[in-house]
Amino acid sequence: MLSYPDYKRCLINIISSVKGYYRTPFEYPTLSALDKELGKYYKNIVLIVLDGLGSDMLQKNLALRDFLKEHQSCNLTSVFPSSTAAAMTSYYTGVSPNEHSWLGRSLYFKEFHSTIDIASNVDSYTKVPFTRTDAASFVMPYETIYQDIKKSIIGNVQPFTIAPKRINIAERGNFHKVVSDFSRGCETIKKICETKQNTFTFFQWDEPSHTALKHGCYAEETADVIRRINNDLSMLYGSVTDTLFIISSDHGMTDLEDEVKLHQIPELSNCFVIPPFCEGRAMSFYIKYDKRADFERIFQNYFSGDFVLLSKRDILSKEILGVGKAHPKTLDFIGDYMACAIGGKTLCYRTLNAKPKPMDAAGHGGFTDLEMEIPLIIAATEQTVKPAKIF
């Protein structure tokens with residue numbers, strides 16, 4: 001089944017509810033179920049994002065009474081592309097990919113005439129570090145929700161962020177803690193919640209995605225990771241008070257059937273102005289003007305049933321990337337077309353100087369419900385201190 005981003009019930013709306021709680025400006029609607037619980041005014045708000053934990057993966061890898069399933073409130077959608085770069089930047093900012101323009105893992109920057117992996121700031125093909133500057137942060141800087149929360153009228157609110165070393169979270173109004181494993185992250189949350197001040201904690205973890213990429217969404221290795229995360233969170237929940245836990249994901253994942261190497265299809269690659277980029281299941285193309293009709297025909301011949309090909313006009317008019325004013329770089333990164341996955345295949349393109357990379361067992365970025373649907377889990381602890389309401 002297919003699922004499309006609903007910007008009235010997606011991960012951005014979690015941030016709107018959180019920002020509304022702290023009385024800071026927000027752009028998108030809030031979530032009534034979350035607003036109801038936030039209205040009880042907890043001393044500690046903890047938002048946990050588990051990379052790749054789609055609703056289907058949650059349901060099929062845990063038992064009915066396990067902590068995460070027991071406290072699931074509803075399903076939401078990811079943003080589009082349903083990728084880590086696009087979704088996590090929406091968590092950091094509270095706005096859509098259309099507005100922040102961090103659309104995918106690998107983006108072509110005309111400013112540097114280079115395609116760059118934005119998380120690691122390396123050339124997407126050679127993997128040589130792009131040392132001149134952090135390309136994405138230089139070209140598309142953004143303000144974080146932590147900067148707003150720090151100034152909340154609730155007073156004395158300290159935003160914390162927690163992540164493993166391999167995830168880069170800059171300190172912009174937040175106090176950042178690096179942890180080596182998930183259980184250490186939970187221990188850090190417990191210590192934060194035991195302080196006397198009001199706190200907002202954002203905990204980002206790169207599982208179960210990291211394991212699913214190697215073994216698949218429903219492999220025993222992936223299920224084991226999810227169960228251990230579930231057990232750690234259950235123990236954390238039972239060890240603190242005056243805390244509201246909000247747990248969700250950036251996107252879901254789907255097991256991959258095949259990787260199509262576009263550089264091995266000359267009639268198609270001859271249409272390209274530059275190598276395609278973004279994500280394997282949400283790929284952007286710049287096409288020679290006199291080859292566009294040929295490109296559309298050839299693409300449909302090869303990929304009908306696996307991908308839908310959308311023009312730049314289609315993407316903008318249908319607001320697939322979200323509403324609000326488009327960032328100038330968004331138009332660059334869409335290209336002339338985007339190939340959006342609706343089946344089980346992923347795309348890749350290798351230049352002559354590219355390092356070989358094995359196919360992942362699972363992927364994300366497309367329009368399937370496995371990738372787009374994510375859980376909203378709300379778990380409220382006992383309140384031992386009568387909170388003061390803010391009007």
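This is a guided tour of a predicted model, moving from the whole chain to one sheet, its central strands, the nonpolar cores and a single serine.

**The whole protein**

Begin with everything displayed, and look along the principal axes, where the C-alpha atoms fill a box of roughly 70 × 40 × 35 Å. Colouring by secondary structure brings out 16 helices and 18 strands. The radius of gyration is 21 Å, close to the 21 Å that the globule rule gives for 391 residues, so the protein is as compact as a globular protein of that length. If you switch on the surface, its accessible area comes to about 16,800 Å², with 51% belonging to carbon and sulfur atoms, while 59% of the 391 residues count as buried. A contact map is a useful companion here, since among contacts with a separation of 6 or more, 75% are between residues 24 or more positions apart.

**The seven-stranded sheet**

Next, select the strands of the open sheet, whose order is β2-β18-β9-β1-β8-β6-β7 and whose pairing is mixed. At its edges are β2 (72–77) and β7 (175–178), each of which pairs on one side only. Neighbouring strands of this sheet are turned by 20° against each other on average, direction ignored. Now add helix α5, residues 84–93, which packs on the sheet and touches β1, β8 (198–205), β9 and β18 (373–380); the direction of α5 makes about 175° with that of β8.

**Strand β9 and its partners**

Keep β9 (residues 243–248) and β1 (residues 44–50) in view: the two strands run parallel and are joined by six bridges. Asn-44 has Thr-243 as its bridge partner in β9, and further along the pair Ile-48 stands opposite Ile-247. On bringing in β18, you will find that β9 pairs with it in the antiparallel sense over four bridges, with Phe-245 standing opposite Ala-379.

How many of the six residues of β9 are buried? Six of the six are, so the strand is largely enclosed by the rest of the structure. In a regular strand, side chains alternate between the two faces of the sheet. Showing the side chains of β9 lets you inspect both covered faces, with Thr-243, Phe-245 and Ile-247 buried on one side and Leu-244, Ile-246 and Ser-248 buried on the other.

**Two nonpolar cores**

Turn now to the largest nonpolar core, which has 71 residues, and select Tyr-91, Phe-109 and Phe-200, the residues with the most contacts inside it. Centre the view on Phe-200 and show what surrounds it: beyond residues up to four places away in sequence, Phe-200 touches Val-18, Tyr-22, Ile-45, Leu-47, Ile-145, Tyr-146, Ile-149, Val-157, Gln-158, Pro-159 and Phe-160. Apart from this core lies another, of 33 residues, and selecting Met-57, Leu-62, Leu-68 and Phe-245 will display some of its members. In soluble globular proteins, nonpolar side chains tend to be buried together.

**A last stop at Ser-16**

Finally, select Ser-16, which is found in helix α1 (residues 11–21). Is this serine, Ser-16, buried or exposed? Ser-16 has a relative accessible area of 1%, and since buried means under 20%, the residue is buried. To see its surroundings, add Phe-26, Tyr-28, Pro-29 and Thr-30, with which Ser-16 is in contact when its neighbours within four places in sequence are left aside.

Terms used:
Residues numbered from 1 in each chain as written. Predicted model: local features only at pLDDT ≥ 70, side-chain atom pairs only at ≥ 80, totals over all residues. Heavy atoms only, no water. Core = buried A, V, L, I, M, F, W, Y, C linked by side-chain atoms within 4.5 Å. Buried < 20%, exposed > 50% of the residue type's maximum accessible area, 1.4 Å probe, protein only. Contact = heavy atoms within 4.5 Å. Pairing = 2+ DSSP bridges. Axes fitted to C-alpha atoms, helices over the stretch in contact; angles between N-to-C directions. Rg over C-alpha atoms; globule rule 2.2 N^0.38 Å. Areas by Shrake-Rupley, 256 points an atom, 1.4 Å probe, with all protein chains shown as cover.
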